[in-house]
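User: I would like to go through the terms used for this model one by one. For each label, give me the value and the cut-off behind it.

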Amino acid sequence: MRQAPAAGQAGDRPPTPAPASGADPQPPGRVMSPRDSLLLRARHEVLHFDVPPYLSVDNGTQLDQLARGVVYRTVYGQRAVEYPGAMARIDQCLEAGEKARVTARLPMKMMVVDRERAVLSAAADVALRPGTAVVITHGPLLDGLIELFERVWAESVPLDPAGAAVGARDDELNPEEARLLALLLSGLTDDAVARHLGIARRTVVRRARSLMDRAGVATRMQLGWHAARRGWIEVPG
């Protein structure tokens, strides 16, 4: 294990160390960040815990990798989804093929590339210089981080730009209702859901109340249980 400062990160992705000299070609006209340089090594799969803080919000490298067929599975923390402008960037990645889920809280910022190397970045409340990262290669610690990702992934709520993952088993919800339900069940506040959907908070409350009435329940917790039972959502795991 070694520690290395990451000088800049792109998109909603953690900073990563630069590869060895000559390891990866740099696309002409683009100044590569350490995180982008590592992502260029990805051949098959990237696993990602996405949570602020961010040094940059450019996700160009990820979009390029998705276009090349690299599989991205991202778990977004609640703070990541609430970040200004986040939903537009998340939608862009989802539409490019990213598989994404959302959960109320993530334990760390993390990226695992091809199950061969992991990068852990300092969280906002850690007393380290912003951008500090720990690189982990083959070994039991890497295996444990991959297992942690899989467990969090299994317990998180699927997120899809058109509501395809949510409501896919039942035609009672239209895409707008399906997405509203996914955001509500992810733990976001009504204000955050309203911002992401571009509607007023009172509209969120009214539509949530409508879903509860349709399900015949009195609380949002009961709504989540009913939604899983009726197939309105994809049940994690």
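Analyst: Start with the loop between β5 (109-113) and β6 (117-121), where Asp 114 is placed. The model is predicted.

User: Why is Asp 114 called buried?

Analyst: Asp 114 has a relative accessible area of 11%. Buried means under 20%. Asp 114 is therefore buried.

User: What makes the phi of Asp 114 worth a remark?

Analyst: The phi of Asp 114 is positive, about 55 degrees, although Asp 114 is not a glycine. Most residues other than glycine have a negative phi.

User: Which label does Arg 115 get, and why?

Analyst: Arg 115 also sits in the loop between β5 and β6. Its relative accessibility is 35%. Partly exposed covers the range between 20% and 50%, so Arg 115 counts as partly exposed. The phi of Arg 115 is positive too, near 55 degrees, in a residue other than glycine.

User: Why is α4 described as largely enclosed by the rest of the structure?

Analyst: Seven of its 10 residues are buried, so the description follows. The buried residues of α4 are Ala 86, Met 87, Arg 89, Ile 90, Asp 91, Cys 93 and Leu 94. After α4 comes Gly 97, with a positive phi near 120 degrees.

User: How do you know that Arg 89 belongs with the buried residues?

Analyst: Arg 89 lies in helix α4. Its relative accessible area is 13%. The cut-off is under 20%, so Arg 89 is buried. Leaving aside neighbours within four places in sequence, Arg 89 is in contact with Val 57, Asn 59, Tyr 83 and Pro 84.

User: What makes Thr 61 buried?

Analyst: Thr 61 belongs to helix α2 (residues 60-67). Its relative accessible area is 2%. With the limit at under 20%, Thr 61 is buried. The buried residues of α2 are Gly 60, Thr 61, Gln 62, Gln 65 and Leu 66. The C-alpha atoms of Thr 61 and Leu 39 are separated by 7.3 Å, and the two residues are 22 residues apart along the chain. Just after α2, Gly 69 has a positive phi of about 100 degrees.

User: Why does His 226 count as buried?

Analyst: His 226 is in helix α9. Its relative accessibility is 7%. That is set against a cut-off of under 20%, so His 226 counts as buried. Neighbours within four places in sequence aside, His 226 is in contact with Ala 215, Val 217 and Trp 232.

User: How do you know that the buried residues of α5 line one face of the helix?

Analyst: Leu 142, Leu 145, Ile 146, Phe 149, Val 152 and Trp 153 are the ones buried in α5. Seen down the axis of α5, the buried residues fall within an arc of 130 degrees, so they line one face. On the other side of α5, Pro 140, Asp 143, Arg 151 and Glu 155 are exposed.

User: What makes the span of α5 close to the expected one?

Analyst: Helix α5 (residues 140-155) has 16 residues. From first C-alpha to last, α5 reaches 23 Å, close to the 22 Å expected at 1.5 Å a residue.

User: Why are α6 and α8 called roughly perpendicular?

Analyst: Their axes cross at roughly 100 degrees and come within 11 Å. Angles of 65 to 115 degrees count as roughly perpendicular. α6 and α8 are therefore roughly perpendicular to each other. On the α6 side, Glu 177, Leu 180, Leu 181 and Leu 184 make the contact. On the α8 side, Val 204, Arg 207, Ala 208, Leu 211 and Arg 214 do so.

User: What makes up the largest nonpolar core?

Analyst: The largest nonpolar core has 32 residues. Val 81, Ile 90, Leu 181, Val 193, Leu 223 and Trp 232 have the most contacts inside it. Among the elements supplying at least two residues each are α3 (78-82), α6 (175-185), α7 (190-197) and α9 (220-230). A second, separate core has 16 residues, including Leu 106, Leu 120, Phe 149 and Trp 153.

User: How many helices and strands are in the protein chain, and what share of its residues is buried?

Analyst: The protein chain has nine helices and eight strands. Buried residues make up 52% of its 237 residues.

How values were computed: Residues are numbered from 1 along each chain as its sequence is written. This is a predicted model: local features need pLDDT of at least 70, side-chain atom pairs count only at pLDDT 80 or more; totals for chains, interfaces and linings use all residues. Side-chain values use heavy atoms; hydrogens and water are left out. A nonpolar core is a set of buried Ala, Val, Leu, Ile, Met, Phe, Trp, Tyr and Cys residues joined through side-chain atoms within 4.5 Å. Buried means under 20% relative accessible area, exposed over 50%, partly exposed in between (1.4 Å probe, protein chains only). Helices (H or I, at least four residues) and strands (E, at least two) are DSSP runs, numbered from the N terminus. The expected span of a helix is 1.5 Å times one less than its number of residues. The arc is that of the directions from the helix axis to the C-beta atoms. Axes are lines fitted to C-alpha atoms, for helices over the stretch in contact, and angles run from 0 to 180 degrees between N-to-C directions. Angles under 35 degrees count as roughly parallel, over 145 as roughly antiparallel, 65 to 115 as roughly perpendicular and the rest as oblique. Contact means heavy atoms within 4.5 Å.
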